[in-house]
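Trainee: Before we discuss any assignment, I would like to see the model itself. May we then take each term together with its criterion?

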Amino acid sequence: MKKLKESVDAQRAEVNQAVKKMDQTLYEMRNLVDRVEELYNSAKDETHSAEQAALNGVNKAQEKAQEITLRNIDEATQRSKKAIDTMVLESKRRIERLAMVTLPDRMFHFLKWTALMLVLFILVHIVWQMFS
């Protein structure tokens with residue numbers, strides 16, 4: 001019986017030692033799970049922060065691109081406006097020169113036809129006088 005009692009005591013000691021080891025392992029596992037959970041939450045927060053930073057960067061880049069585009073459009077519009085103004089001014093000058101050049105020609109044609117009609121009227125009058 002004594003042997004049996006010693007054997008039971010030895011087994012109890014082994015079981016107690018195994019329980020202590022299991023408690024120690026369980027404690028370590030809980031700490032490990034807590035650490036993994038902290039890392040997960042930290043990574044999740046960092047991911048959200050990175051996404052927000054990326055969105056802010058994209059918004060800033062979009063605003064900058066929009067400003068640059070508007071500035072380029074304004075510059076192109078100003079250049080086009082200057083070119084059009086220059087062409088209009090040059091066209092006005094050409095029209096004025098052309099009007100000055102063609103005015104004597106028009107007067108010449110008008111006077112030529114007027115003189116021709118006057119001569120024709122005089123000739124008709126002379127012929128009328130001869131026959132009457």
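Mentor: Let us begin with a definition: a residue is buried under 20% relative accessible area, exposed over 50%, and partly exposed in between, with a 1.4 Å probe and protein chains only. The model is a predicted one, in which local features need pLDDT of at least 70 and side-chain atom pairs count only at pLDDT 80 or more, while totals for chains, interfaces and linings use all residues. Residues are numbered from 1 along each chain as its sequence is written, and side-chain values use heavy atoms, with hydrogens and water left out.

Trainee: What percentage of the 132 residues of the protein chain counts as buried?

Mentor: The share is 0% of the 132 residues. The protein chain exposes about 13000 Å², with carbon and sulfur atoms supplying 64% of that area. Such areas come from the Shrake-Rupley method with a 1.4 Å probe, and for residues only the protein chains shown count as cover.

Trainee: What makes up the secondary structure of the protein chain?

Mentor: There is 1 helix and there are 0 strands. Helices (H or I, at least four residues) and strands (E, at least two) are DSSP runs, numbered from the N terminus. Helix H1 covers residues 2-131.

Trainee: How does the radius of gyration of the protein chain stand against that of a compact globule?

Mentor: The protein chain has 55 Å, whereas a compact globule of 132 residues would have a value near 14 Å. The radius is taken over C-alpha atoms, and the globule rule is 2.2 Å times the number of residues to the power 0.38. Along its principal axes, the C-alpha trace spans about 185 × 25 × 10 Å. Two pairs illustrate the separations: Glu37 and Thr114, 77 residues apart in sequence, are 111 Å apart from C-alpha to C-alpha, and the C-alpha atoms of Gln62 and Lys5, 57 residues apart along the chain, are separated by 83 Å.

Trainee: Why is Gln62 called exposed?

Mentor: Its relative accessible area is 52%, and the class begins over 50%, so Gln62 is exposed. Glu37 has 46%, which lies between the two cut-offs, and therefore counts as partly exposed. Helix H1 holds both Gln62 and Glu37.

Trainee: How do you know that Arg94 and Glu90 meet in a salt bridge?

Mentor: The criterion is a side-chain nitrogen of Lys or Arg within 4 Å of a carboxyl oxygen of Asp or Glu. The N to O distance for Arg94 and Glu90 is 2.9 Å, so the pair qualifies. The two residues lie in helix H1, 4 residues apart, about one turn of the helix. Arg94, at 52%, counts as exposed, and Glu90, at 37%, as partly exposed.

Trainee: How many salt bridges does the structure hold?

Mentor: It holds 2. Glu38 also forms one with Arg35: their closest N and O atoms are 3.5 Å apart, so the 4 Å limit is met. Glu38 and Arg35 lie 3 residues apart in helix H1, about one turn of the helix.

Trainee: What makes the group containing Phe121 a nonpolar patch?

Mentor: A patch is made of residues with over 30% relative accessible area and no salt bridge; like charges are joined within 9 Å, and nonpolar side chains (Val, Leu, Ile, Met, Phe, Trp, Tyr) within 5 Å. Phe121 has 58%, so the accessibility condition is satisfied. The other members include Leu118, Ile122 and Met130, and the patch has about 970 Å² of accessible area together.
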